[in-house]
Amino acid sequence: MAGIAIVVYVLSWFGIKNGGEGQVLMSMGGIVIRLLFSMLLVVFYLNKFAVDPIIFVINFFSAYFLFTVFEIYCLLVNLRHQIKK
């Protein structure tokens, strides 16, 4: 999951570095790409290892959604400071 996050952050960073109206789209696109890669990771893990699928999916996505909420909150806090300047 850390590898997925690093790849998505690097792609988002390049989009944000270019500036313009694409900053928000790159940030949201990064979140969507990370969701898709995480879903692929869950499917791969469920097929490869013998675990209880319901418990694994609930545990995985509860951590994923908490991380996503924290990320969006941090982005909004940073954007508020940039708007007030």
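In this predicted model, the side chain of Thr-68 makes a polar contact with the side chain of Arg-34, at 3.4 Å. Thr-68 lies in helix α3. Its relative accessibility is 9%, so Thr-68 counts as buried. Beyond its neighbours within four places in sequence, Thr-68 is in contact with Ile-31 and Arg-34.

Arg-34 also takes part in a second polar pairing, this time through its backbone. The backbone oxygen of Arg-34 lies 2.8 Å from a polar atom of the Ser-38 side chain. Ser-38 sits in helix α2, which covers residues 22-48. Its relative accessibility is 0%, and Ser-38 is therefore classed as buried. Leaving out residues up to four places away in sequence, Ser-38 touches Ile-4, Phe-60 and Tyr-64.

A further serine, Ser-27, is also found in helix α2. With a relative accessible area of 16%, Ser-27 is buried, because the limit for that class is under 20%. Ser-27 and Leu-75 are 48 residues apart in sequence. In space, their C-alpha atoms are 9.0 Å apart.

The overall fold is helical. The protein has three helices and zero strands. Along the sequence, the pattern reads α-α-α. The protein has 85 residues, of which 20% count as buried. Contacts between residues at least 6 apart in sequence were also examined. Of these, 57% join residues at least 24 apart. The accessible surface comes to about 6600 Å². Carbon and sulfur atoms account for 75% of that surface.

The largest nonpolar core has five residues. They are Val-42, Phe-56, Phe-60, Phe-61 and Tyr-64. Helix α3, residues 53-84, gives the most to this core, with four residues. Two of the core members, Phe-60 and Phe-61, can be described further. Phe-60 has a relative accessible area of 13%, so Phe-60 is buried. Phe-61 has a value of 15% and is likewise buried. Phe-60 is one of the residues touched by Ser-38. Phe-61 touches Leu-35, Met-39 and Val-42, not counting residues up to four places away in sequence. Val-42 is itself part of the core.

Aromatic rings form a network of their own. The count comes to seven aromatic pairs. In one of these, the rings of Tyr-45 and Phe-49 have their centres 4.6 Å apart. Their planes meet at 40°, so the pair is tilted. This angle is neither under 30 degrees, as stacking needs, nor over 60, as an edge-to-face pair needs. In another pair, the ring centres of Phe-60 and Phe-61 lie 5.2 Å apart. Here the planes stand at 85°, so the pair is edge-to-face.

The two pairs can also be described by their exposure. Tyr-45 has 30% relative accessibility and counts as partly exposed. Phe-49, at 42%, also counts as partly exposed. Both values fall between the limits of 20% and 50%, which explains why neither residue is classed as buried or exposed. Phe-60 and Phe-61, by contrast, are buried, at 13% and 15%.

Ring pairs link Tyr-45, Phe-49, Phe-56, Phe-60, Phe-61, Tyr-64 and Phe-65 into a cluster. Among the members of this cluster, Phe-56, Phe-60, Phe-61 and Tyr-64 also belong to the largest nonpolar core. Tyr-64 is in addition one of the residues touched by Ser-38.

Definitions and conventions
Residues numbered from 1 in each chain as written. Predicted model: local features only at pLDDT ≥ 70, side-chain atom pairs only at ≥ 80, totals over all residues. Heavy atoms only, no water. Phe/Tyr/Trp six-rings, centres within 6.5 Å; stacked < 30°, edge-to-face > 60°. Buried < 20%, exposed > 50% of the residue type's maximum accessible area, 1.4 Å probe, protein only. Helix = DSSP H or I, 4+ residues; strand = E, 2+ residues; numbered from the N terminus. Polar contact = N/O pair within 3.5 Å; in protein donor to acceptor, adjacent residues only side chain to side chain. Contact = heavy atoms within 4.5 Å. Core = buried A, V, L, I, M, F, W, Y, C linked by side-chain atoms within 4.5 Å. Areas by Shrake-Rupley, 256 points an atom, 1.4 Å probe, with all protein chains shown as cover.
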